[in-house]
Amino acid sequence: MDLFTLNMENQLKQNAPLADRMRPKSISEFVGQSHILGEGKFLNRAIKADRINSMIFYGPPGTGKTTLAMIIANSTNMSFEKLSAVTSGVKDIREVINKAEEGLKLYNKKTILFIDEIHRFNKSQQDALLPFVERGIIILIGATTENPYFEVNKALLSRMMVIPLKPLMEEDIHKIIMNGLANKEKGLGHYKVNISDEAMDYLITISDGDGRLALNSLEIAVLSTPKDDEGIINIDLDTIKECLLVKSAKYDKGGDEHYDTISAFIKSMRGSDPDAALYWLAKMINAGEDPKFIARRIIICASEDVGNADPEALNVAVSAFNAVNVIGMPEGRIILAQAAVYVACAPKSNASYLGINKALDDVRNKKIGKVPNHLKDASYKGANNLGYGKDYKYPHSYENSFVEQQYLPDEFKDVKYYEPTNNGYEKIIKENLSKRFDKKD
C-alpha cells in the first residue's frame, strides 16, 4: 500500500459513520442474535472451533450480517476474501477462486469467500460458484436481506445453511446506543451527552430493530446539537426527531416484505379483523405499493373467502378497483380502506373456492366424463337422429322453474362439489338447495 492509499484509508476510517466505527470485532462484543450466538449455540460453537461451513446470513438491515462475517474473518485461520454482488462479476469470482486453489495447493489453507448482497448475483454468477463450493475449494458465506429460497439457485442453496437473523430487540438497541455514547476510542465518549428518556425511547422504537440506523441517527444528533454553558449536549425528543435518519420502509415490491405483507393483509381480511387489515393496507400504501395490485387482492379475497355468504362483497371489491383506477392516489386510499373493511367484516365462506378446486382435481386426474345425451347441443340438423337433446327437461316449464334431472356425467352423478355453509346469505342458498333436492341439513 503506497502513502496516498494509506492516507485515503486513514481518512475513511476517521470519517466513517458511527455504526462502522463501533462494529464488533469478536463474539463477546456482539449484541443480539442470541438464538444463534448465545453460549453453546450453533454459530458460537462453529466460530470458536474454527469449523465454518458454507452459509447464508438472512435478515433485515442493521442486524449484524456483515459484522458476523467480519467476526468470522477475525476468528478463523482460513484465508478471507470479500466481494460485493453490487460491484463484482464473474471475472472477480474467478480471481478469488484461483487464489483459493493456490492457497490449498501451496499452503493447505482453505478460503472463506464472503459475498454481501448475494441475492443481486444473477444465475450465471451463482452458477460460477457452485462447483467450487461443492468441491470445497471455497467456503461461501453470503449475506442477504431477501429470502434466499426465492433469490438463490436451488443447487447452490442446497449446499449452504440458511441462518436467519432477527430484528434486534429493544434492549439490544438500548445497549448498542449506550456503548456508542460511552466508547471514547471509536464512539462518542469524548462528548458529554445527556439524552432524555423520551428521546431514547423514540430512537429505540423508530429504529425498528436496526442497529445501524440507531447509531448513525444518534451521531447526527450529537454532532449537530450545540453544547450548553456547561459543555453538555442535550438531546431531547424534538432534537432526535429532527436528526433521525429517514428510515426506508422495509418493503421491496419484488421481495420478501412484499409477499409477507400482502399475505398478512389477505389473512387479516379472511380472519375478519378490520383493524389488522387497515394496518397492513397502510403499510403497503406508505411503501408505494401499486393500488391496483392491492385492489385485485381484495377482489380475490371477496370471492375466495367471502363468496356467497355475502355476494355483495365481490361487487364492492370490483367497484373499488374501478374507482381507484379512475381516482388514483392519494384519495384512492379511502376507497381501498372501505373495500378492505367490508370484506373483513363480511360473513365468510370458501365453499365456491373448495368446490372449483375439487372439480378441477377430478377433471385433471380422473377419466373425463361424457356429456349426457339429453344435455348435448340439439340445435343442428341430424342431432335428433343421434339422440341428442332427447328427454331434456326445460326447467322453466316446471313449477318454480325447477325440475330434477342429471346434469353431471354418469361417473360423477353422485359427486357433490359445492357444499354451502350456514354463514350469511349462503345459509339461504343451502336451504333452497335442500328444498329442491329434498335433502335435509
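**Exercise 1. State how much accessible surface the protein has and what share belongs to carbon and sulfur atoms.**

Solution. The accessible surface comes to about 25500 Å². Of this, 51% belongs to carbon and sulfur atoms. Areas here follow the Shrake-Rupley method with a 1.4 Å probe, and for residues only the protein chains shown count as cover.

Before going on, a word on the input: this is a predicted model, in which local features need pLDDT of at least 70, side-chain atom pairs count only at pLDDT 80 or more, and totals for chains, interfaces and linings use all residues. Residues are numbered from 1 along each chain as its sequence is written, and side-chain values use heavy atoms, with hydrogens and water left out.

**Exercise 2. Set the radius of gyration of the protein against that of a compact globule of 441 residues.**

Solution. Start with the rule, over C-alpha atoms: 2.2 Å times the number of residues to the power 0.38. For a compact globule of 441 residues the value is near 22 Å. The protein itself has 32 Å. Next, look at the box: along the principal axes, the C-alpha atoms fill roughly 100 × 65 × 40 Å. Finally, buried residues (under 20% relative accessible area, 1.4 Å probe, protein chains only) make up 42% of the 441.

**Exercise 3. Work out which residues cover the two faces of strand S3 and how S3 pairs with S2.**

Solution. First, the elements: helices (H or I, at least four residues) and strands (E, at least two) are DSSP runs numbered from the N terminus. There are 20 helices and seven strands. S3 spans residues 111-116, and six of its six residues are buried. In a regular strand, side chains alternate between the two faces of the sheet. In S3, one side holds Thr 111, Leu 113 and Ile 115, while the other holds Ile 112, Phe 114 and Asp 116. Now the pairing, which requires at least two DSSP bridges between two strands: S2 (residues 79-84) and S3 run parallel over six bridges. Lys 82 has Phe 114 of S3 as its bridge partner.

**Exercise 4. Find the strands that pair with S1, and name a bridge partner in S4 and in S5.**

Solution. Begin with S1 (residues 55-58), where Met 55 and Phe 57 on one side and Ile 56 and Tyr 58 on the other are all buried. Four bridges join S1 to S4 (residues 138-144) in the parallel sense, with Tyr 58 opposite Thr 144. S1 also pairs in parallel with S5 (residues 161-164), over four bridges. There, Ile 163 is the bridge partner of Phe 57.

Definitions and conventions: Buried < 20%, exposed > 50% of the residue type's maximum accessible area, 1.4 Å probe, protein only.
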